[in-house]
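User: I would like a careful, close reading of one part of this model, with the surroundings brought in where they help. Please keep the answer connected rather than itemised.

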Amino acid sequence: MKAGSHGVDLGDPRHSLTQYKIDRWQTEQGLPLDTVQCLLRTRDGYLWVGTAGGLARFDGIRFLTFPAAEVSEITSLPIFGLMEDNEGRLWIGHSKGAAIYRNGRFEPAFPGALTDGRRVWDFAQGPDGVVWAASENGLVRIDKGATRVYRQAEGLPTNRLRTLAFDRDGVLWIGTTGGGVVSLVNDRFQGLKHEPQERLEIRSLLADPAGGVWAATAGHGLLRIQGGETKRYSIGEGLPTDQLTSLARDEQGALWVGTWGAGVSRLRDGRFTSISAAGGLAGDQIWSLLADSEGSVWIGTWVGGLNRLSTRSFVVFGTPEGLSKDNVRSVLHARDGATWVGTAGGGVNKLEDGRVIAIRKRDGLPSDEASTLFEDRDGAIWVGTYTAGAARIKGGNVRVFGLAQGLPNVDVHAFLRDQAGVLWVGTMSGLARLDGDRFVPVRDPGSPRMGVMGILQDRSGVMWFATSEGLVRYRDGKFDVLTKADGLPSNWILALHEDGAGTLWIGTNGEGMGRYRNGRMSAIRAADGLWDGLVQAIVEDKSGHLWVTCNRGFYRLSIQELNGFADGRLKKVSSAPFGPGDALRSTSFAGGHQAAAAIDEKGLIWLPSFNGLVIVDPNRLPGSGLPPPVLIEEVVVNGVSVAASDGVILPPGSLPISIHYTAMTLVNAGRARFRYRMDGLTPDWVDAGRSREASFPGLPAGAYDFRVAASIDGEHWQEAPATLSISVKPYLYQTRTFAAAVLVGAVGLTFGIIRLRTRQMRLLQVQMERQVAEKTEELRLANEHLRQLSFLDAQTGLANRRRFDETLDKEWRRASRFQTSLAVVMADIDAFKPYNDTLGHPEGDQCLAAVAEVFKQSVARAGDLAARYGGEEFVVLIPSADLQAARAVAERLRRACEARAIPHPASPVGPVVTISLGVAACVPKDDNSSAALVAEADAALYRAKREGRNRVC
C-alpha cells in the first residue's frame, strides 16, 4: 500500500516481513538432524535438505531419509553442498568428498583421494557443462568423468575453498576461507584488490542478474562485486551484523542474507529489513537459505531445524505494522483517502500519508475502547465506544457525547445520517436522534428498547435496525418489527447489507442469514450450505459475491446462488471458506456493530479481527491457482519396495500392494487433495482426500493401470503424466492354454467314454457340472472381494465415502418405504490440525487409525455403518433409530474415544484426543432428503464445536 492509499507506507504490504508466516520442521517431524547446512529445490519439485546428520528429501508433508545400511554411507554423513546439473543429477558435497544421486542410486562423484578425503562445500556448473567443486583441499574440475585439481601451486590464494558461482558472463567466482574472492578468467586466477582481501573469509557467493556477484563474509559484511569495483554493506547500511553466512535471491529480485547471530535480513529497494528469533525464527544462527519459485524462503538453522517464510494468504495489518492495538473492531474508508480503524484498548487509528496516527483518551476521546465509526456529510468522524459514549472528530477537535448529552447508553454500536439529514445512533438501550447539540432518545411505539447493532436505510428510504429482538423497520413515521414468525432465521440480528439489486441481507447470531426481497423473507442456514451460522459482517465485492465473517474465519457466497436457493431453484448454496489453514493471525472477527467490514475503491476487502485487520484481494485467493503436478513415488508389495519405472509385475497369488504418491507443491502441500483410479478394478475415481497412499489387500490375476490426480481447490485436477502398469500373473490353471487343454482332453475323454460306457459318461458329466459350479462360486467371491476393496478407506479400514453414500441412499429408500426413522451421527476429531502441527503427520495418521478403531468396536449392530467421511471426519449411519437412540450411540462413541486416552499436547479441550459429534434423525418425507439429514447432523456437529467440543449435539 502506498502512502495515502488506505495504509502505511510499506510498499506492497504483501512484501513486508511481518506478513510472512513461519513454519518449522525439526527431528520430531522427520529431519535427520536440526542442523541444516544446505538446501536445494530440484526441477521435479522436491526440496533436498542437507543436515549434519545426513540427507533428506521433502515433499512439503513427509521427509524421506536414506539409511546408510540400505543405500550408501554418504547419506548419513554431514552434508554441506547440493546442486542439480543439466542432466538432472544431484551432486552432494559431504564431509569426505562428493557423490552423485540419480534414479535412486548414489555413487562417488570422484575418488576421495583427489581431495585427500576432505569435505566438499559447493558446486557450480559452467555454460559448457563442466562441473566445479569447492573443497577444503582445492578446486576440482569434472568434465565427462575426467578430473583436475587446482591448488595454490596453480594460483589459488589458499586450498580452503567454500563457495562457487558463475556470473552472467560465464566467469567462475570462488569464495575462500582466508583468501577472499577469486575469479577464474582464461584459466588464470585473479584476486580482488582491496585491503582485507588476503584474510577475508567468504561464506557464500551469489550471481547478480545485472552482472558480477554478491559475497557474504564472516565479519566484513556484504560485498557487491561488479566491473572491478567492490561496494561494502555493513551495520551502518542496515545489516544487523557483519557476520554473514548465506545468500539467496527471490523472484521479485530481493536479496536475502543469512547471518550468524542475528537471523535473516532482506535487501529490497535499497533498504535492509530483518527477522530473527524475536520475530518467530527457530534460531538466529543461519546456515543456509533458499528462495523457491512458489514465493517461499527456506532457512536452515544451526540448532533450530528447517524454517520456512511464506507469504500469508491474506495481508494482515496489526501492531507489527503500526496499529496501536491488534483487537480491531471497525474500519472506515473516508472520502479524503484516509482509513480510520477503531480498536479495543488502543483508541482510533488514522492511516494517512504513510503514517499511523493514534487518537486516544489522552487526545480527547472519552475511552480507548472504540467500537464503531461513521463519516458524516461534512467529513467529521463519529466514534462510538463500549464504555463512555461517543465522540465527534473534526479538524483535530474532539467533542464528547455521553449520558449527559442525551445518549440512552454509553455502549454505542451504530451511527447513520438518513436521507432527511437526521443523525441516528444505536446503543445497547435503544435509539436516539441528534437534535442540535444533544441526542434525544427515541421512545415511539414499536421502536427498539434493547441493543441496536446496526442501522441501514435502503434505496426506497425505509430505515432498518438490527437488534437483539428482531429486525425493526421504520417507514412512514412508524416502527414495526419482523421476527422468526415472519420468516427470519433468528431474532438476534448482527449485520445488515443492501446489495446492488436492492435486496436486503440480514446476518444473525448463529442461525444463518435472512434475505428480504419484494416483501418476502427467506432463511438460509448452515444446513443449506453456509460455512457457519454466525454472520457478523456482510460486505459485497465487485464480482457479485458476499463476504461474511464469523468466529472461525470468513467465507464467500455467490449472490446468484443465494437468490437461487431463496427462490427454490437450488437445493444448496456453496461457501468458499477461509480459516485456520490460511495462516490468519486470528480466526475470530468483529461483529455486533457498524463498520465491522469495508471495501475500498480498489476492491480490497478489510475485515477487522481480534488480531489485526485482514485485507482480502478477491482476485488473489489462496488455492485458486493451477493444480499441482502429481508424482508416483514408490510401490510397496508385501512390505518390500519395488522398482516401478517400467511397471510392476506380480507373481500369482494375492499380495498386498501400496502405492505412494505426492503433489509437487511445497507452499500448498497441506491443501493438496488426491483421487485415484485402478483401471480394471475401480471404474470410477476414488476420493483419497489428503491421503498420499492407495492400498489394495490383493489383486486378482490380470492387467491394471493405476492413475492418480491432485488438486488444491477440489475442482481443478491434474493427473500424473504416466500411469503405473500393474500385471498379476495367473496360476497355470487360470491360463487360456490350460483351459484349452482341459477342453480338448474333456472332449476326447467324452468320446472315449461314449464308446466304452455310457454310465461313466454320466458320472463325468456330474463331476464337470460340480467343477463349473465351484469355479462360478470362486468367480462370484472374487467379484465380491473386488467390490469390497472399492468401498474401503485404505488408511483407517472403515468404509469410505462412496460406500457411505450408496448405503445412505439405499437405507433412505427403505426407511421411506416402511416409514421408519433413520439417524446419522457426524463426528470430528477435536483440534486435529494442532495435533498434526505438534506431533507430525505420521502421528496424525496413527491417531486417525486409533479413532477409527473406536468406531469399529462401538458400532457393531447389524445394519449400522461406520465410515470415514473425509479428513478427520467420521460418520455413522443407524437405520431404525430415532434421535434419542442415535444420541446414545454418539455418547458411547465420545466416551470410548476419551477413554482411549490418546495424548494430545495441543488440545484446548483436555490432555487427550476427544471427538465432537452431531446427531440428526428423521422419518423420510416428500419434503426432505438424505442430503438434508446429513447437513442437519453436520450443523449439529458445528454446534458441538462452538459449545466447547468433546460433546454431543
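In which sense do strand S43 (residues 463-467) and S44 pair, and over how many bridges?

Analyst: Strand S43 (residues 463-467) and S44 pair in the antiparallel sense, over five bridges. Before going further, please note that this is a predicted model, in which local features need pLDDT of at least 70 and side-chain atom pairs count only at pLDDT 80 or more, while totals for chains, interfaces and linings use all residues. Residues are numbered from 1 along each chain as its sequence is written, and side-chain values use heavy atoms, with hydrogens and water left out.

Strands here are DSSP runs of E with at least two residues, and helices are runs of H or I with at least four, both numbered from the N terminus; two strands pair if DSSP finds at least two bridges between them. Within the pairing of S43 and S44, Trp464 has Arg473 in S44 as its bridge partner, and the two strands form a hairpin with two residues between them. On to the next strand, S44 is joined by five bridges to strand S45 (residues 478-482), and these two run antiparallel. Here Val472 has Val481 in S45 as its bridge partner. S44 and S45 likewise form a hairpin with two residues between them, and Asp476 in that turn has a positive phi of about 55°.

Because five of the six residues of S44 (residues 470-475) are buried, the strand is largely enclosed by the rest of the structure; buried means a relative accessible area under 20%, exposed means over 50%, and partly exposed lies in between (1.4 Å probe, protein chains only). In soluble globular proteins, nonpolar side chains tend to be buried together. The largest nonpolar core has 33 residues, and Trp464, Leu471, Ile506 and Met513 have the most contacts inside it. Such a core is a set of buried Ala, Val, Leu, Ile, Met, Phe, Trp, Tyr and Cys residues joined through side-chain atoms within 4.5 Å. Strand S46 (residues 493-498) gives the most to the largest core, with four residues. A second, separate core of 31 residues includes Leu798, Val825, Ile829 and Tyr835.

S46 also holds a charged residue to look at, Glu498, which at 19% relative accessibility counts as buried. A polar atom of the Glu498 side chain lies 3.3 Å from the backbone nitrogen of Arg459. A polar contact is a pair of N or O atoms within 3.5 Å; within protein, one atom must be able to donate a hydrogen and the other to accept it, and residues adjacent in sequence count only if both atoms are side-chain atoms. Leaving aside residues up to four places away in sequence, Glu498 touches Leu456, Gln457, Asp458, Arg459, Thr503, Leu504 and Glu540, where contact means heavy atoms within 4.5 Å.

Further along the chain comes helix H1 (residues 559-566), which is largely enclosed by the rest of the structure because six of its eight residues are buried. Those buried in H1 are Ile559, Leu562, Asn563, Gly564, Phe565 and Ala566. What covers them includes strand S47 (504-508), strand S48 (513-517), strand S49 (520-524), strand S50 (537-540), strand S51 (545-550) and strand S52 (553-558). At the N-terminal end, Ser558 caps H1, with a side-chain oxygen 3.3 Å from the backbone nitrogen of Gln560, and just after the helix Gly568 takes a positive phi of about 85°.

Cys550 is buried, at 0% relative accessibility. Its sulfur is 17 Å from the closest cysteine sulfur, in Cys953, and is therefore too far for a bond. The structure holds zero disulfides, a disulfide being a pair of cysteine sulfur atoms within 2.5 Å.

As for confidence, pLDDT is the predictor's confidence in each residue, from 0 to 100; the mean for the protein is 89, and 91% of its residues reach 70 or more. pLDDT stays under 50 over residues 1-13, for which the model nevertheless has 40 contacts beyond four places in sequence, and also over residues 781-787, for which there are three such contacts. Where pLDDT is low, the predicted coordinates should not be read in detail.
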